[in-house]
Amino acid sequence: MADDPDGGMLSWDESVFRDEHVFEIDYVPEVFRHRESQMETLKYALRPAVRGSRPLNVMVRGPPGTGKTTAIQKVFGELDAQPGVRGVRVNCQVDSTRYSVFSRIFEELFEYEPPSSGISFKKLFGQIADTLVENEEVLVVALDDVNYLFYEREASDTLYSLLRAHEAHPGTKIGVIVVSSDLDLDVIDDLDGRVQSVFRPEEAYFPVYGLSEIVHILQDRIDAGFREEAVTADVTDRVAELTVETGDLRVGIDLLRRAGLNAEMRASRLVERQDVDDAFDDAKHVHLTRNLRALSENERTLVEVIAEHGDDRAGEVYDGFHERTDLGYTRYTEMVNKLDKLGIIEAEYERLEGRGRSRTLRLAHDEDAVLDHI
Ligand SMILES: Nc1ncnc2c1ncn2[C@@H]1O[C@H](COP(=O)(O)OP(=O)(O)OP(=O)(O)O)[C@@H](O)[C@H]1O
Ligand SMILES: [Mg+2]
């Protein structure tokens, strides 16, 4: 390069990135492609809210990294501009009981946390309802990653309270969007009959993106995040190829950031294919990392005990777990089920000679990957 005295090398104050922030997990992209029909469904369901009526409920489903959370953020972003409607997204990975879901709603509406000394659920709910009625506001609650409420057996109670709010508190208008990435979970079927009878949601399904869609989306991100010409089409294609293998767009975005950092480590202005391949081992685990981070202390201990025990039967794992946490068998079984549903472990029944059935527990991923990210 004639005008490049450093021959393609970065100097100290240079970067391959234009804006590294666009690769962070909470970044909401400017352009949201390939989700037109899903966005239509959401807007159709929420339109009554803008007119001051109770909106339709929606069930959003699809595998990880397919744009479900982003769709909610986009729609709520648009709702924000409308008077008389409040959209609150609750991350049920973090708030996984009815009480904490309502605390979060309270916090969003009042802009301060409910008293930590603890007020009864009834009171909490009453204050939320009163303020909605007083301000003539319609509330839309998105229960994001609602599958976590099911794992904690809190889903029916939470939905019941939200969906029948107008009975306990006349005048309240609340709509619910449930978002699940657990495709084995039958959201409706797993709810109590009393909730099923009032929950007939519109449905929006988010399929995994195809190769060309991934290339489009990643190209937008590259244009926003990298210096011009830092990433060639060949490199983009490689990232897209690896992303398709996992089906999770988050992997592609993380891969871009890590590949960029690898290029910087070499002080290169150009991201090479090798930078991408070197980053894949870490990037492919973004989903696992996210799931592990959301676990409680005791759940993490259980993962560690399972890792230590290799392919041992559930009973032996329980002994090890009980020794370290002092928790009983019921809690243990619930946790095993949750980790199984999250795809962190595999729990399989095996026939044992003369002893009926027993469960074998093993990690669903490479042990090092799990222990490194826990
Ligand atoms: N159509 C799109 N255009 C641009 N970026 C997208 C698109 N779809 C998803 N993304 C990006 O991919 C990442 C994952 O998307 P998102 O968090 O919305 O997935 P999700 O379906 O909610 O996944 P999970 O079920 O694991 O929560 C985010 O960084 C998001 O910005
Ligand atoms: Mg999400």
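Is E78 buried, partly exposed or exposed, and what is its relative accessible area? In this predicted model, E78 is partly exposed, with a relative accessible area of 41%. The residue takes part in a salt bridge with K43, in which the closest N and O atoms are 3.6 Å apart. This pair links distant parts of the chain, given that K43 belongs to helix α1 (residues 36-50) and E78 to helix α2 (residues 68-80), with their positions 35 residues apart in sequence. K43 likewise counts as partly exposed, its relative accessibility being 25%.

The chain in which this pair occurs contains 17 helices and seven strands, and its C-alpha trace spans about 75 × 65 × 40 Å along the principal axes. Of the 374 residues in the chain, 47% are buried. The accessible surface amounts to about 18,700 Å², and carbon and sulfur atoms contribute 44% of that area. When contacts with a separation of 6 or more are considered, 71% of them are accounted for by residues 24 or more positions apart.

Charged side chains comprise 44 positive and 75 negative ones, and the centres of these two sets lie 6 Å apart. In general, side chains of opposite charge can pair when their charged atoms come close. The structure holds 26 salt bridges, and several of these can be described individually. R258 and D254 meet through their side chains in a salt bridge with an N to O distance of 2.7 Å. Because the two residues are four positions apart in helix α11 (residues 249-265), R258 and D254 are separated by about one helical turn. The two partners are set in different surroundings with respect to solvent accessibility, in that R258 counts as partly exposed at 26% relative accessibility, whereas D254 is buried, with a relative accessible area of 11%. Elsewhere, D95, R104 and E107 are joined into one network by salt bridges that share partners.

A further salt bridge is formed by the side chains of R164 and E167, with an N to O distance of 3.2 Å. R164 counts as partly exposed at 22% relative accessibility, and E167 is also partly exposed, with a relative accessible area of 47%. R164 is, in addition, one of the residues in contact with R194, which also touches S156, D157 and Y160 when neighbours within four places in sequence are left aside. R194 itself lies in helix α8 (residues 193-196) and is partly exposed, its relative accessible area being 33%. Between the C-alpha atoms of R194 and N262, which are 68 residues apart along the chain, the separation is 54 Å.

Attention may next be given to the backbone at two acidic residues. E111, a residue other than glycine, has a positive phi near 65°, and its place is in the loop between α3 (98-110) and α4 (121-134). D145, which is not a glycine either, has a positive phi of about 55° and is located in the loop between β3 (138-144) and α5 (147-151). The accessibility of these loop residues falls into opposite classes: E111 counts as exposed at 70% relative accessibility, while D145 is buried, with a relative accessible area of 7%.

Helix α5, which follows the loop that holds D145, includes N147. At 2% relative accessibility, N147 counts as buried. Apart from residues up to four places away in sequence, N147 touches V179, S180, S181, D182 and L185.

On the surface, a negative patch is formed by D282, D366, E367, D368 and D372. Helix α17 (residues 367-373) supplies the largest share of this patch, namely three residues. D366, another member of the patch, lies in the loop between β7 (356-363) and α17. With a relative accessibility of 51%, D366 counts as exposed, since the class of exposed residues begins over 50% relative accessible area.

Methods
Residues are numbered from 1 along each chain as its sequence is written. Chains are lettered from A and ligands numbered from 1 in the order in which they are written. This is a predicted model: local features need pLDDT of at least 70, side-chain atom pairs count only at pLDDT 80 or more; totals for chains, interfaces and linings use all residues. Side-chain values use heavy atoms; hydrogens and water are left out. Patches are made of residues with over 30% relative accessible area and no salt bridge: like charges are joined within 9 Å, nonpolar side chains (Val, Leu, Ile, Met, Phe, Trp, Tyr) within 5 Å. Accessible areas come from the Shrake-Rupley method with a 1.4 Å probe; for residues, only the protein chains shown count as cover. A salt bridge is a side-chain nitrogen of Lys or Arg within 4 Å of a carboxyl oxygen of Asp or Glu. Lys and Arg count as positive and Asp and Glu as negative; His and the chain ends are not counted. The place of a charge is taken as NZ of Lys, CZ of Arg, CG of Asp or CD of Glu. Buried means under 20% relative accessible area, exposed over 50%, partly exposed in between (1.4 Å probe, protein chains only). Contact means heavy atoms within 4.5 Å.
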